[in-house]
Amino acid sequence: MHETAVDDTPGFLLGAGDPRFSVRSASATAVSVVVDGRGTFPLTRSGDVWSGAVPGAEVGDTYHLLVDGPAGPRHDFDPERPLLDPYARGIVRGASGQRWTSVVVDESFDWGGVVKPRTPLDRAVLYEANVRTLTAANPDVPEHLRGTYAGVAHESTIAHLHRIGVTTLELLPVHAFDTERWLREAGRENAWGYNTLGFFAPHAASASAPARAAGAGAVLREFKGMVRLLHEAGIQVVLDVVYNHTAEEGLGGPTSSLRGIDGANRYRWTADGSSYYDTTGCGNTLDTSVEATADLIVDSLVYWARDVQVDGFRFDLMAALARDGAHAFDPAHPLLERIRSHPDLQDTLVIAEPWDVGPDGWKTGSFGAGTSEWNDGFRNTVRQFWLTDIADERRHGAPATGIGALAGALTGSRQLFDTARGPLAGINFVTAHDGFTLLDLVSYDGKHNEANGEDNRDGSDDNRSFNHGIEGDTADRGVRAARGRSMRNLLGTLMLSAGVPMLTAGDERSRTQHGNNNAYVVSDDLTPVDWSDDEDAEAMTEAVAALARLRAAHPALRPTRFGVPGQETPGASRMSWYGPDGQPMTVEGWDQPIHRALQYFVESTPEHEPFDRVLVVVHGSGRTRDITLPTREDVLGYRLAWSSEKHRDHERLRPAGQVFTAYGPGIHVFEIA
């Protein structure tokens, strides 16, 4: 239920006078709204807006649309087929259980004066999580709340997020979604949610059983309650949103809403109108060059940001949203400009997955000011350096690359993001929901996706992983120790680099998917986060917590701007580079594979925090190497603050010029006196 004086606002309007309903279709010739138990109400047309009074409609009513229109290419009208309201705040299974139906929902909620946290982006630590798997196995969460919105906001979940320094929880899709038809026919279920039914309703199956039993309004209240509790704890909520395609799949797929309302103007088509122009790989792609489609997306964003109080959005396949009427990518696309300029979205975090699967679809670095982007270049570089190259050294005696690319990743990927945008334009990550978990990344050389039912054809083959000598789980202590060190190297690089770090839920608990790098199907490989009392998991959790504390304490590690040569730039970090001999880095030291050690002396240029400096030492080889700590007039000594090697001496002050021995691949952080 939403109140307004504007009659053509899409969806149900309940307020003074008779309830009204509106929907947009430029192609339809007749539209009716059917309210179960109350009757059928024909709507009248003005332009592409169909609206009318719906006397007697009230909260809790279920309803659907009936839409008729012309036959022929691009059209799929059927006046007897029930359709979902694209603006429905509640979506549930109909009485027959065979179709989805819309629900009129009471949207009132007491926020109790709780406001959104205002976390500066340089202090943000993101945590990507699936509502289901985050708490499904947590014994501290009451059983009936595990795997639900309420479980996400449980005090034990919040305590864990606080412990590891998470400021921002990024949830996999929570819009109402469906399982793809081919999966359902195989008796399987979509686990991730990238198959949207409606852009305004929370996914009911992720609510607790009592909320589901109480109806769509209770589901929405549980979701808002989750947001309120997380905000009370100072944790932001970011939603992974899928506005690039819908659950209607390709032509001949299940028509549940937009295709039956105005498919000719909601989806991208080939020039001859015979098939969809699909840049998502999911059967269809929404046409954001059409105003009504763009309006639907903006209205949805505003609803979740304003009415549900979420803090931001991560846009799945955002390149698909920025294609014009000719299907070409446009960094100044009107939809992007509307998102950037809308008054209700000004303080909203906007994160792009900056690619799609269409022509010229890889667009990392192209989204402009006001948008942060998943930095897949960071992921690939860091994996290559710590895993693939170390594997090559073991197997062939020498790695393939030097240390120059890693230095670029450490300092904010300036080659991707221009000076005006700065390092915070990059969302750094090593793992994400699609791909190996962190433990699997160091445990498998190849994917093992047989449980998905596609004969291991699905999922990426470019994993840049290393099993450390044995494929899969092992009790071998040496292999387990080497894997643990590699995990700490990867996490250390992530948390110590300029940019915004994103952790994947469960990596800190050594979560495995048994080598499945595409666990979008509910199967035995879809393992929840392991909350058991495991020594290795606890040690890795503490490593992440220590890194988060270190990052928070040192503004030199989280610059807000790139420096400009010859200028002092507030918020930027000044960098000095030294080789393993303690002398300034040479040209040869950057790129030759035999030189895989550097010392990164970084100083802040104060803007909002006191002056700060640290030394980061990176050694990317399995061999032992002596590293001479840099001698500088302004340095008395160095104290080791964190190391990916276990059992290092963290207490004593080491004088400048002293030798520090690196025993194998590792990353080490020194605070400076």
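## Exercises on buried positions and charge pairs

At 9% relative accessibility, D61 counts as buried. The model examined here is a predicted one.

### Exercise 1. A charge pair between two loops

Identify the residue that meets the side chain of D61 in a salt bridge, and state which parts of the chain the pair ties together.

**Solution.**
1. The partner is R38; the two side chains meet with an N to O distance of 2.6 Å.
2. R38 belongs to the loop between strand 3 (30-35) and strand 4 (39-42), and D61 to the loop between strand 6 (49-53) and strand 7 (62-68), so the pair ties together parts 23 residues apart in sequence.
3. With a relative accessible area of 34%, R38 is partly exposed, whereas D61 is buried.

### Exercise 2. An aspartate without a salt bridge

Explain why D376 has no salt bridge, given the distance to the nearest side chain of opposite charge.

**Solution.**
1. D376 is located in helix 11 (residues 376-396), and this aspartate is buried.
2. The nearest side chain of opposite charge is that of R379, 4.4 Å away.
3. A salt bridge requires the nitrogen and the carboxyl oxygen to be within 4 Å, so the distance of 4.4 Å does not qualify.
4. The side chain of D376 does have a polar contact, of 2.9 Å, with the side chain of T364.
5. Setting aside residues up to four places away in sequence, D376 touches W355, W362, T364 and F429.

### Exercise 3. The two sides of helix 10

Determine which residues of helix 10 (residues 334-341) are buried and how they are arranged around the axis.

**Solution.**
1. The buried residues are L335, L336 and I339.
2. These three cover an arc of only 100 degrees around the axis, which means that they lie on the same side of helix 10.
3. An α-helix has 3.6 residues a turn, so residues three or four places apart point the same way.
4. P334 and S341, on the other side of helix 10, are exposed.
5. The packing partners of the buried residues are helix 8 (291-307), strand 14 (312-315), helix 9 (318-321) and strand 15 (349-352).

### Exercise 4. A link from helix 8

Find the residue that forms a salt bridge with R306, and locate both partners.

**Solution.**
1. The side chain of R306 meets that of D344 at 3.5 Å, N to O.
2. R306 is in helix 8 and D344 in the loop between helix 10 and strand 15, so the pair ties together parts that are 38 residues apart in sequence.
3. Relative accessibility is 46% for R306, which counts as partly exposed; D344, at 32%, is also partly exposed.

### Exercise 5. Two small residues

Decide whether S208 and G492 are buried or exposed, and list what each touches beyond four places in sequence.

**Solution.**
1. S208, in the loop between helix 4 (181-185) and helix 5 (209-214), has 4% relative accessibility and therefore counts as buried.
2. S208 touches H144, L145, T148 and E222; with E222 there is a polar contact of 2.6 Å between the side chains.
3. G492, in helix 14 (residues 477-496), has 0% relative accessibility and therefore counts as buried.
4. G492 touches L547, W642 and I667.
5. The C-alpha atoms of G492 and G666 are separated by 9.1 Å, although these glycines are 174 residues apart along the chain.

Key:
Residues numbered from 1 in each chain as written. Predicted model: local features only at pLDDT ≥ 70, side-chain atom pairs only at ≥ 80, totals over all residues. Heavy atoms only, no water. Helix = DSSP H or I, 4+ residues; strand = E, 2+ residues; numbered from the N terminus. Buried < 20%, exposed > 50% of the residue type's maximum accessible area, 1.4 Å probe, protein only. Lys, Arg positive; Asp, Glu negative; His and termini not counted. Polar contact = N/O pair within 3.5 Å; in protein donor to acceptor, adjacent residues only side chain to side chain. Contact = heavy atoms within 4.5 Å. Arc of directions from axis to C-beta.
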